[in-house]
Structures are given as C-alpha cells and as structure tokens.
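Dear colleague,

I am passing on to you the structure we discussed. Please find it below, followed by a summary of what was found in it.

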Amino acid sequence: MATQRAERYDPNSPLEQEVKLPSAPRVALATNATLQPPLTRRGTGPGLIQFLPARAKYASSTTLEGEHAVETSLDPEPVQKWAEEGYAVVAVEDAGASGAAWGVTVTLTEGLKALKALTELDVRDRFGVIVYDPDLIDAVHDAAAQHPEIVAIVAFTDTVEHVKLPKPTQYHLPGRTAIPDTGTAEVVTHEHATSPFFVFVQSGAYEPSAATAAHSKSLVFLRKHIGGPHFDIEAIWEEHTYFEFEVRSVAKTMGTMVQEPYVNHVPTMTGGVGREALTTFYRDHFIFSNPPDAALKTVSRTVGADRVVDEFIFHVTHTTMIDWLLPGVPPTGKKLEIPMLGVINVRGDRLYHEHIWWDQGTVLKQAGLLPDVVTVPTSTGPRKLKLPVAGVEAARMLVNESDGKSNEMFGWGYQD
C-alpha cells in the first residue's frame with residue numbers, strides 16, 4: 001500500500017532552498033597550531049586555547065570491548081566541537097615535542113595574540129584553556145600564571161595531587177577514583193572511562209557517555225569563568241519544532257542543526273544518523289508523514305546548560321501512515337494522544353541530537369491495534385489476561401494528575 005501524505009516535498013519551494021551551515025575557514029598559525037573562528041549562526045564568541053596530544057599517543061591507548069566498543073560516532077574532534085559551541089579556538093598539537101614550532105609558552109603568548117586580533121572575538125579580557133595532553137598540565141599551569149586574562153583551565157589526566165592552583169581548574173579523571181583533596185581545583189571522575197583520552201573518537205579508549213558528561217561539565221565551568229557564550233536553547237528547540245510541524249520545511253529544519261546531527265525515536269528506532277541520513281528521514285518519513293492536525297502540547301520543560309528535556313503530549317489523528325510512529329501501519333482514522341519525552345542536546349545555537357521516548361503500547365492501544373485481553377498459555381491451560389497498557393487516559397492523567405485513577409491496573413491480571 002502506498003503511503004499517503006498530508007503534503008508532499010517540493011524541492012523547488014522557496015521553503016526548501018538550502019540553508020547554509022556556518023562556515024569559517026581554519027587558519028594555520030604554525031606547523032602545529034591552527035585558529036578556528038566560531039561555527040555558530042551568531043558567528044562571534046569568546047576565545048579558547050586547546051592543547052592536543054599527538055595522535056599516536058591516544059590512538060594507541062587501551063581498546064574497550066563489549067558494550068563500550070564504538071566503531072563510529074558523530075562526535076567531532078575537539079576543535080570543531082568547541083567552535084560549534086561558539087568559541088574561537090586556537091589548537092596546538094604535541095606542544096611538548098622536541099622541536100615543536102609552538103611549545104606551551106609560545107602557544108599561550110601567540111595564541112592569545114591571534115585570538116585578540118580576530119574580529120569574531122566578542123570577549124577580549126577573559127580566555128579559557130583545555131589541556132587534553134596529561135603530560136603538559138604542569139607546564140600549562142606555570143605558563144598560564146603569566147597571563148592574567150586566562151581565567152579557567154580544564155585538564156584531562158589520570159592523577160591529581162594535592163595542589164593549590166593559581167587559576168580555577170577543572171580536572172577530568174577516568175575510572176571510579178576517590179576524589180582527592182585538590183585545594184582550589186574541581187575534580188570530575190568518569191567511572192566507565194579507562195584513559196584520559198576517553199573524549200577522542202579515534203581513540204580505542206573512547207567512551208561516549210563519559211565524553212558527553214565531560215563536555216557538558218567543561219562547558220558549564222568555562223561559561224562560568226569566561227562569561228559565555230550563552231544561548232537561548234529553549235528558543236532554539238522551539239524554532240526547530242516550528243519548522244518541523246508548522247512551516248513543514250526540511251531545509252529550514254536542518255538549518256537549525258549542527259553539521260552532523262542525529263535523531264533517535266527510541267521505541268521504533270526511527271530517525272537518522274548524520275546530515276545526509278537525517279535529511280532523507282525528515283523528507284521521506286517525518287515532516288510530510290505527519291497528518292495535518294499533528295501538534296505538540298507541552299506538559300513540562302527543564303532547561304539545562306546544553307539540554308532541553310521536554311515532557312509533552314503528541315496529538316494527532318491517524319489519517320495518513322505515520323512512518324516514524326506506526327511504521328507500516330495503514331491509517332486507522334483514530335485520534336491519538338501520546339505522552340512523550342524528548343531529550344534535546346543543543347550545541348551552541350543549533351541542535352545536535354534528539355532522543356524521543358514514548359510508550360508504544362499506548363500508541364497501539366489507541367490505534368485499535370492492541371486488544372485489552374489476550375489469551376496466554378499457563379501450566380493449567382490457556383487463560384485470559386488483561387494487558388497492563390493504558391490508552392488515552394495515560395495522557396490525560398499526565399496533564400492533570402486528578403484526571404485519572406492511580407493503581408487501577410493492580411486489579412487486572414487474569415480475567416477468568
């Protein structure tokens with residue numbers, strides 16, 4: 001059966017003309033140093049200096065196996081990732097190597113000079129430093145003490161001694177380590193990480209959940225001391241859903257997202273990983289798959305440093321095949337009210353990912369595809385069992401806690 005659409009994609013529509021991604025060429029400062037302006041729609045931001053290890057150092061670190069193994073990831077390398085957060089980034093690789101064009105001291109002096117000369121820089125008296133190479137931490141602290149405009153340091157290492165540091169510092173340590181007494185430093189441990197190089201996708205020690213947590217905590221720390229950049233991520237999320245459900249434009253929806261985003265509708269495993277796949281998904285299976293009356297009703301919203309957690313009801317009449325919600329199921333004509341939860345990660349002023357959750361049982365029940373009672377085999381023969389699945393009443397009780405009856409399912413079970 002051909003899928004019916006509420007609307008059709010028109011590549012010639014003014015709404016579907018390509019939205020250009022933020023673009024700012026990376027500039028070589030030395031053989032081992034580069035400058036990347038901010039990669040946000042805003043186009044300006046504060047300055048950050050990164051000390052990166054030689055690739056051979058982290059590429060040879062311990063390989064994770066089993067549930068922690070990762071073959072591919074959309075997580076970008078640190079320079080792009082922080083530029084997408086809105087920072088101008090000076091990055092130097094292997095600054096501790098003998099004969100390096102820019103060593104630690106030169107990097108801080110010349111890096112600050114290059115950042116201050118950048119027209120896109122909007123904070124000129126406060127800068128941050130991230131040290132991804134554990135071997136350089138002491139040298140960076142010593143050199144940073146000579147630069148009062150450096151106001152915060154983030155460092156990835158595997159050990160921290162009792163120290164009193166001249167600059168506010170946040171350490172990230174792998175493993176379930178007891179947090180040491182560090183004087184003025186803030187220490188964050190990452191239980192499932194096995195190496196200080198756990199944030200590098202190319203490393204065998206890459207640990208995605210730890211890398212995500214470390215990035216979020218580093219972002220909060222740097223914003224606190226540098227004073228930005230700050231974005232209205234709630235407005236960014238609302239803009240995205242406006243283009244999805246009201247304007248219904250693939251190009252404009254994708255224009256609100258970073259270079260390589262993804263969407264995961266957890267119950268049906270639908271969505272897209274990467275710009276090309278996600279564009280195809282929005283075009284062929286989402287934006288024009290939604291019936292005309294599709295709408296979101298917010299129940300609650302929590303806004304963090306880089307995430308929006310939205311609790312909402314998805315209202316829709318199943319008059320077209322909704323590929324992402326009921327894939328392969330012909331229209332039933334049923335009105336659906338589906339409680340949903342979205343965890344939306346925003347990087348800078350654009351979306352990185354959406355994790356969308358709902359109870360597929362209530363979707364099937366409301367669509368008339370799941371019976372209230374089923375026959376199940378037991379040791380004494382077949383018996384009728386009332387399924388513990390709620391219909392539209394689940395949505396209504398979420399909106400109003402008094403509009404429903406708690407614990408009613410306790411009395412269901414076998415019906416004979």
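Two strands are taken as paired if DSSP finds at least two bridges between them. The model is a predicted one.

On that basis, strand β12 (residues 307-317) and strand β13 (residues 335-347) pair in the antiparallel sense, over 11 bridges. Within this pair, Ile313 stands opposite Pro339 in β13.

Both strands belong to an open sheet of six strands, ordered β10-β9-β14-β13-β12-β11, in which the pairing is mixed. The edges are formed by β10 (270-273) and β11 (295-303); each has a single partner strand, so one side of each is left without a neighbour in the sheet. On average, and ignoring direction, neighbouring strands of this sheet are turned by 20° against each other.

As for the interior, the largest nonpolar core holds 35 residues, of which Tyr282, Phe314, Trp324, Leu325, Met340 and Trp358 touch the most other members. At least two residues of this core come from each of α6 (233-247), α7 (250-254), β9 (257-265), α8 (275-286), β12, β13 and β14 (350-358). Strand β13 gives the most, with five residues.

Met340 deserves a separate entry. Leaving aside residues up to four places away in sequence, Met340 touches Asp310, Glu311, Phe312, Phe314, Trp324, Leu325, Ile356, Trp357 and Trp358.

There is also a second, separate core of 32 residues, which includes Leu112, Val131, Ile137 and Leu165.

With kind regards

Conventions. Residues are numbered from 1 along each chain as its sequence is written. This is a predicted model: local features need pLDDT of at least 70, side-chain atom pairs count only at pLDDT 80 or more; totals for chains, interfaces and linings use all residues. Side-chain values use heavy atoms; hydrogens and water are left out. Helices (H or I, at least four residues) and strands (E, at least two) are DSSP runs, numbered from the N terminus. Axes are lines fitted to C-alpha atoms, for helices over the stretch in contact, and angles run from 0 to 180 degrees between N-to-C directions. A nonpolar core is a set of buried Ala, Val, Leu, Ile, Met, Phe, Trp, Tyr and Cys residues joined through side-chain atoms within 4.5 Å. Buried means under 20% relative accessible area, exposed over 50%, partly exposed in between (1.4 Å probe, protein chains only). Contact means heavy atoms within 4.5 Å.
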